[in-house]
Amino acid sequence: MLARLSNAPRDYAWGSTSLIAALEGRTPSGAPEAEVWFGDHPGSPAQVEDGSGLTLDAWLDARATGTGAPDRLPYLLKLLAAGSPLSIQVHPSQDEARRGAAREDAAGVPVDAPERNYKDRNHKPEVIVAVSERFEALAGLRGLSATRRLLTALGDEPGLRALRASLEGDDEPAALRRTITWLLSGDSRDTVAAVITALAAARSPEFGPEFDAARRIAAAYPGDPGVVVALLMNHVVLARGEALFVPAGVLHAYLSGLGVEAMAASDNVLRGGLTPKHIDVPELMAIVDATPGPPPFLAPRAEGDGVETFAPGIPDFVLWHVSVSSGAERRIPLTGPAIPLAVAGEVTVVGGSGVAVTLRPGQAAFATPDERELIVTGDGELFIAHPGR
């Protein structure tokens, strides 16, 4: 079966007031529109537009009646529109999520409590693909030799000495772990203030984009230690169609732009700054991978004319990127329940059952596993998520 999906944008404070509306070709609501969720996650299940009046989770429950427990989607597909920085965050591995959720359950911490770290027992690796012409992010920790050059370019403000001292040593992961813990502990206020002061006048041919981003972050979150944590991270600008893959343990934050995001079906987030929400520094640091390295770009794999996949090598999802023009046809084999989401033009998706759904930018559908493949025609562009192989 193939059925249209819809959902209302989530109004997180960091959301853009224009990007999703522009994609959908409508007048902005005036409120921040951060994410549109297409999936069965209980946090915001999509509506199935088949006349049943059911959300996708309830719809799957109803279809499973008499045949056993429903199969939950292993992934969640989103539109994400950042108008200001998201929190610096990290996601747990599968084992860490299971242990953490069991520990908090045993301690009697309600699932909806603001101090709860683990909302479920799943990991949350994610892929973000830029849909806007520019998508800005922080992803992973930069090598210390480059960060020391950045601090030199930042200036000789006396208040920066403690930060430089914390980053000394040959063991890069240990130095980064020590520094992030100190920055988030509440004992680094003078250093944070000194960095923000130095940023106002900082100029550098090598680190100009990093300083520009940090100034904008500081304006959005005055005095937040996450401003300094951000300067330890890789600054990334994706062009349209480029992607990042963020596995467990990797610090990241999205700063601006519109993207399509696919992730394992989880809501487990541990935060490390740039947020008024709960930050559990010991738990955060227990799961952070402090090993520095390059940004975690994910190159697509060509699958044929106008078709490529973003395949991070996990069982939760594969994300297909399909472009089609008039008179052409693309056939996409499915390995389970799929969600096509259009981002440009107008495309028609036909399942193996012969049912057709026409999608315009921002519109999505749900294909049950028995469809086997989707045939895409029209003149436009879409993404299709389904379980990994």
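Me: Which elements each supply at least two residues of the lining of the largest cavity?

Reply: In this predicted model, they are α8 (208-220), α9 (226-231) and β8 (233-239). The most comes from α8, with four residues.

Me: What makes the lining of the largest cavity divide into seven nonpolar, one polar and two charged residues?

Reply: The lining consists of L138, R142, E210, A213, A214, I217, A230, L231, M233 and H235. Arg and Glu count as charged, and Ala, Leu, Ile and Met count as nonpolar. R142 and E210 are therefore the two charged residues. About 50 Å³ of space lies in this cavity, and a search of the whole structure finds one cavity of 30 Å³ or more.

Me: How many aromatic pairs does a search of the whole structure find, and why is the pair of Y12 and W14 called tilted?

Reply: The search finds three aromatic pairs. The ring centres of Y12 and W14 are 5.7 Å apart, and their planes stand at 40°. Centres within 6.5 Å make a pair, while planes under 30 degrees apart count as stacked and those over 60 as edge-to-face. The angle of 40° meets neither of these two limits, so the pair is tilted.

Me: Are Y12 and W14 buried or exposed, or does one of them lie in between?

Reply: Buried means under 20% relative accessible area, and exposed means over 50%. W14 has 15% and is therefore buried. Y12 has 27%, which lies between the two limits, so Y12 is partly exposed.

Me: Why is the pair of W59 and F366 called edge-to-face?

Reply: The angle between the planes is 85°, and an angle over 60 degrees counts as edge-to-face. The distance of 5.8 Å from centre to centre is within the 6.5 Å limit, so the rings form a pair. The pair links distant parts of the chain: W59 belongs to helix α2 (residues 56-64) and F366 to strand β18 (residues 364-367), 307 residues apart. At 5%, W59 is buried, and at 2%, F366 is buried.

Me: How do you know that the charged end of K277 sits over the ring of Y12?

Reply: The charged end of K277 is 5.9 Å from the centre of the ring of Y12, which is within the limit of 6 Å. The direction must also be within 35 degrees of the ring normal. Likewise, the charged end of R10 sits over the ring of W37, 4.6 Å from its centre.

Me: Which residues lie nearest the centre of the largest pocket?

Reply: Y12, W14, V269, R271 and K277 do, in a lining of 37 residues. About 820 Å³ of space lies in this pocket. Its lining divides into 17 nonpolar, eight polar and 12 charged residues. Each of β2 (35-38), β4 (75-82), β10 (252-264) and β11 supplies at least two of them, and the largest share, five residues, comes from β10.

Me: What is notable about phi of L274 and of R372, and is each residue buried or exposed?

Reply: Neither L274 nor R372 is a glycine, yet phi is positive: about 60° for L274 and near 70° for R372. L274 lies in the loop between β11 (270-271) and α10 (281-287), and its relative accessible area of 1% is under 20%, so L274 is buried. R372 lies in the loop between β18 and β19 (373-386), and its value of 64% is over 50%, so R372 is exposed.

Terms used
Residues numbered from 1 in each chain as written. Predicted model: local features only at pLDDT ≥ 70, side-chain atom pairs only at ≥ 80, totals over all residues. Heavy atoms only, no water. Phe/Tyr/Trp six-rings, centres within 6.5 Å; stacked < 30°, edge-to-face > 60°. Buried < 20%, exposed > 50% of the residue type's maximum accessible area, 1.4 Å probe, protein only. 1 Å grid on protein atoms, 1.4 Å probe; cavity = no way out; pocket = protein on both sides within 12 Å on 5 of 7 lines; lining within 4 Å. Points joined across faces, edges and corners; volume = space filled by probe spheres on them.
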